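Me: Please take a close look at one part of this model and describe it for a first-year student. Start with what the terms mean, then go through the part step by step.

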Amino acid sequence: MLKKNFLLLADTSSICDRFNQFFTFVSVFPGLQKHDTYCASYWELRNRAKLESIFYKKFIPRIFHIISSQLEESLHIPCYLYRPLLVSLTSIYISRVISIAHAIKRLDRERIYVGRVNYQFHFNGLDNIRGIESDDFEFNQSLVHRISIILGVSKVVDIGVSDYNLIQKPKPQKNMLFRPSSQSKLHSFFIRLQHLFFNCLKKLPNRFARFTSLGLGGDDYWLTKHGFYFPFGIFNYQDKFSWSSDVRDPFLRKNLIPLFDKDIGNAVSKLIHECSSFQLSREECTRLGHEFSSYLSDCIPVRYLEGLQNNFKHALKQRKSVKSNLLIGSALLSDKGIFLMSATKYLGGKVFGVQHGGHYGYIDSHSTFAELEYSCYDYMITYGWDEFDSHLPITTAIPLPSPRLSSKILDFELNHMTTFIKERQVLFLPNFLRLYPPVGTCGQTRPEFNYEILDSQKKLIIELTSSQINVDLKPYSQSIALRLEHQYNHLRQTCRGRFNLIESSQKGLSSDLISQYNILLWDQIGTGTLDCFVQSIPAMVYWKKIYSRESVFAFDLLKDLEFEGVLHSSLDTLIQEIRIYLDSPVSWMNSPSRIQAITTFCHQYARTNKNWNKLWMNTLRQSPS
């Protein structure tokens, strides 16, 4: 019997079975099943973060100089406008090259075919790229095809749309993170009306503003309520941005390729060689370095090339139209934010980033935040911390309490979870899983770790239920629940009624939901965990440190949480501590040493203060302009 040929795919689960009779599927990325694919260790990824950061610092100005020299009109646009874009595109390319090269190296090259899909790398902005790199089959399969050809795979199989076996993405979910419970329909209506009112109030022009705000996420409601926006506050909300309606210029892009190649081709080849944990020949690295120039030319969005001059002029016009030369926001890395940040700096103003979630400060080598955010900010308002990884870009921290956390928004009483033992004892809240590598390296889930993460979750649930502890699991999103249906069905059968899946259409939690449980269990300290710590909600963390490690700055604080039974890396200690809690919930929650450990940690990474509004107002009024 003849051996089947190999078909290289980004994800084997996304392809219909009709190709099975001809090929053995080879997944370039691990997906959600165990595969013999490239799986970098945490320390390899951490080293890659250092190498990439050195590359960005040296070559992004040179790449931007090449681009600006080819534009007809001379306008001295700051090169840091291009940093988030080039960091994203480079990170995407390097991670795909390494995984694809590994897949090809371990196979008989004569029997390798690569799948080709009909996909064009035509993007309007970075907003169009962000997200698809870690979730979109067509985008990643196109890169698999493109890079495989460069590495010598000459046999191609066309894959049509009808050959995809993609799980349809559910509609976007409302973020209900710790929303207050609805005591009645009238009460619920009043809350929604209040949120709508303050959202409208925020958008009214404010001529007294010192800062232009691009939004502070969940904090905006509380900031508006305490007078930071209209009519006499220090913030003026910037909502609209009119983009130039330019079209792609194939001649301009073609001319850029040899210029890129001449200046950065060898540097990219060297970066690929240094980032690889296996041997690529010098010739292969050289070809991949040359291909990067073509890839970059194709992927630069229209807003950042053909429309660069007009869009930057519009950003300048908008910034000049207001008296404020200060820009503030918690998520400034949208296309609008990037252009307005650059215009602000061009005019001599300052940019203030604001923390918008957990995982900041106490996660080691979090290259995503460092490369894309800290590098763009003059100042960063944090929820207490002020130290950065020295090998990554840094900014100047301004520690302030969190408006949202300080407001303790959850309508919740501890006795809801401690009065008696219920059938629903533990609510487990795992982190997000990605199908393909995201931008950046450490500090976030990656497909290289998916199998280990899922195996850890399975062992956790089986061990808890075997110890007579009931567990419900709330997926991060319904799309993950659909992809992991097989694992969840297996757990239902194995755990014999002690495991249940929460089929919720909302993202986050509500007090109605969590009051049904004795304790919440997280797989990493994050935004939701900080909410629990601040609002004295019973919670533990089972942190296996599979894809993230603690920062040296937080080591002692996390050790204290571990000593107090809040943080665990062992199933034995976790199960023992849950039993101790279930035996006497009130005593566990009221332990002075445990309260002190949590309070000390929160002061550094989730700071709160009942007078937060005065602290914010005084600090921002005195901030440098």
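Reply: A residue is called buried if its relative accessible area is under 20%, exposed if that area is over 50%, and partly exposed in between (1.4 Å probe, protein chains only). The model is predicted, so local features need a pLDDT of at least 70 and side-chain atom pairs count only at pLDDT 80 or more, while totals for chains, interfaces and linings use all residues. Residues are numbered from 1 along each chain as its sequence is written, and side-chain values use heavy atoms, with hydrogens and water left out.

The part to look at is helix α18, residues 527-534. Helices (H or I, at least four residues) and strands (E, at least two) are DSSP runs, numbered from the N terminus. Seven of the eight residues of α18 are buried, so the helix is largely enclosed by the rest of the structure. The buried ones are G528, T529, L530, D531, C532, F533 and V534.

What does the cover over these buried residues include? Three helices are among the covering elements: α12 (403-406), α19 (555-563) and α22. Two strands, β14 (519-522) and β15 (539-542), are also among them.

Now look at the loop that leads into the helix. I525 sits there, between β14 and α18. I525 counts as buried because its relative accessibility is 1%. Contact here means heavy atoms within 4.5 Å. Not counting neighbours within four places in sequence, I525 is in contact with H359, Y362, L530, V541, L558, L561, L567 and F601. One of these partners, L530, is a buried residue of α18 itself. Some of the chain is farther off: the C-alpha atoms of I525 and S407, 118 residues apart along the chain, are separated by 20 Å.

At the other end, the loop between α18 and β15 holds S536. Just after α18, this residue takes a positive phi of about 55°. S536 is not a glycine, and its phi is positive all the same. Most residues other than glycine have a negative phi, and most peptide bonds are trans. S536 is partly exposed because its relative accessible area is 41%, whereas I525, in the loop before the helix, is buried.

Two other loops offer cases to set beside S536. Q468 has a positive phi of about 65°, although it is not a glycine. It lies in the loop between α14 (450-466) and β12 (471-473). With a relative accessible area of 48%, Q468 is partly exposed. The other case concerns a peptide bond: F230 and P231 are joined by a cis one, with omega about 10°. P231 is in the loop between α6 (220-225) and β6 (235-237).

Return to the cover of α18, where α22 is one of the elements. Q604 is found in α22, which spans residues 592-605. Is Q604 buried or exposed? Q604 is buried, because its relative accessible area is 19%. Leaving aside neighbours within four places in sequence, its contacts are Y383, G384, W385, D386 and L557.

The wider setting is the nonpolar core (a set of buried Ala, Val, Leu, Ile, Met, Phe, Trp, Tyr and Cys residues joined through side-chain atoms within 4.5 Å). The largest such core has 181 residues, and L8, Y82, L520, L561 and F601 touch the most other members. Of these, L561 and F601 appear among the contacts of I525. Helix α2 gives the most to this core, with 13 residues. A second, separate core has 24 residues and includes L216, F228, F352 and L400.

L8 shows what the surroundings of such a residue can be. Not counting residues up to four places away in sequence, L8 touches V26, V28, A103, I104, L107, I112, Y113, V114, G115, Q141, V144 and S148.

Last comes confidence, given as pLDDT, the predictor's confidence in each residue from 0 to 100. The protein chain averages 88, and 92% of its residues score at least 70. Confidence is lowest in helix α13 (residues 415-418), with a mean of 59, and highest in strand β16 (residues 567-568), at 98. Where pLDDT is low, the predicted coordinates should not be read in detail.
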